[in-house]
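Colleague: I would like a close look at a single part of this model, namely the surroundings of the ligand, with a short stop at the backbone along the way.

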Amino acid sequence: MNYERRGAPAIRGSFTVPGDKSISHRALLFSSLARGKSEIRGLSTGGDVKSTMSCLSQLGVKIDHAGDVVKVFGEGKFSYSKPDSMLDAGNSGTTLRLLTGILAGQKFESTVTGDETLCRRPMQRIVEPLSEMGAKIVASDNMTAPLKIFPSPGLRGIRYELPLPSAQVKSSLLLAGMFADGETTVVEPVESRDHTERMLKLKKVKSPSGFEITVSSDLVIEPAEYDVAGDISSAAFFLAAGAILPNSSVTARGITLNPTRTGFLDVLVMMGAKVQIENIREAAGEPIGDVTVMHSELNGVEIGGSMIPRLIDELPVIGVMAAYAKGETIVRDADDLRRKESDRIVAIVDNLEAMGADVQEMDDGFIVNGTGRLHGAEIDSYKDHRVAMAFAVAGLAAEGATVIRNAEWAQISFPEFFDILDKLAVRN
Ligand code: S3P
């Protein structure tokens, strides 16, 4: 599908976004590990979370998703049944990596795969530490999926220092730790999103090496009622449009304000946008609130180091904002962007260039010299949901018409995106 639109003078109004993708995956997986019925409200409607649901169904987990409330009838960590065919994680790295942690502890053989893009993404980051725990995993060429997971004679706990900040790797190892003899400790020198720790009520201990989280086979996951917070990574697209377009004001209602996810709001403030946070409350152990962003003159910023994991998924739209900011925006320490659903450094740089921005590629990021204007162009989504949506925002602010090719990839995390964008955009 091609999405075509002309620029709009402003964006105005309030909106809600579907449930957070990271929390939704975990709510499903953790419910399946519990014994009893869990209820999930506000589950993400995206394709990635559907992939988690269908993998769990293939493993024999009963899930009722007929109404607004998704019910998961978990029967405990050894209740899964051997799947008849390969488990398909689709485009979802979170599904594949977290599920592999659970499958490593099972007494049956399974194979987990994904679409063309996911099968190109690196899996060594989980295969190596899981193998160190005693898991029997055979990866395909270049340490990619499909991953064949054989029953192991027994997993053992390890202490593992993450070489890169990754909540997917951390969570995969903590889940495998539920099946291991002894304690499994994951050490994060740089903090990544902590939904797993919050939802499983795991202690995060600060030590000289960073943050340490420990699990053992004693961990019992109880069935729960989850109210999934709105996804800040989805809301970010409209909040960015509000910051860029003159006379704009947009409010995202009920989005997660978990500090490991709010780097984007910090960048908005650093750039000079007007940001108001109201009605702070709690949902499923996460702080949530309503966030309003109003346009004002934006300035370039430098982003790197420990900020990166707090806004990793927002970097494509930050690239677009940078084109509308005065001066230079530098993003560094973000080389893992090259191993997301696309090489996002290339996607950001090429697409911004196509729209007339002054942008430079670096190995671990990019530099945008803001000119305050973009022109419409034909843009490729790179089959990457966040690239499709970031450049739809660019199209809203640009002069002339923009076409996003393969825009349907937005459905991976946010099927409602284009409808909400068209509703919030003020007509010429
Ligand atoms: C996620 C963690 C991040 C993020 C991804 C979702 C998660 O990936 O980019 O969209 O739910 O754990 P990494 O853990 O690979 O950094």
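Colleague: Before we come to the ligand, where is the place of Pro-146?

Modeller: Pro-146 has its place in strand β9, which covers residues 144-150; strands here are DSSP runs of E with at least two residues, helices are runs of H or I with at least four, and both are numbered from the N terminus. This is a predicted model, in which local features need pLDDT of at least 70 and side-chain atom pairs count only at pLDDT 80 or more, while totals for chains, interfaces and linings use all residues. Residues are numbered from 1 along each chain as its sequence is written, and side-chain values use heavy atoms, with hydrogens and water left out.

The peptide bond that joins Ala-145 and Pro-146 is cis, with omega at about 0 degrees. Another backbone detail is found at Lys-201, a residue other than glycine whose phi is nevertheless positive, near 55 degrees; Lys-201 belongs to the loop that runs between α6 (195-199) and β14 (204-207).

Turning to the ligand, the residues around it include Lys-21, Ser-22, Arg-26, Ala-167, Gln-168, Arg-193, Asp-313 and Lys-340, where being near a molecule requires a heavy atom of the residue within 4 Å of it. In Ala-167, a backbone N or O atom lies 2.9 Å from an oxygen atom of the ligand, and in Gln-168 a backbone N or O atom also lies 2.9 Å from a ligand oxygen atom. Asp-313 takes part through its side chain, of which a polar atom lies 2.8 Å from an oxygen atom of the ligand. On its own the ligand has 390 Å² of accessible area, and the protein covers 94% of that, as computed by the Shrake-Rupley method with a 1.4 Å probe.

Two or more residues of the shell around the ligand come from each of the elements α1 (21-33) and α5 (167-177), and the largest share, 3 residues, is given by α1. Seen by domain, with bounds from an automatic or database assignment, the shell draws at least three residues from domain 1 (3-19 + 229-424) and at least three from domain 2 (21-213).

Conventions. A polar contact is a pair of N or O atoms within 3.5 Å; within protein, one must be able to donate a hydrogen and the other to accept it, and residues adjacent in sequence count only if both atoms are side-chain atoms.
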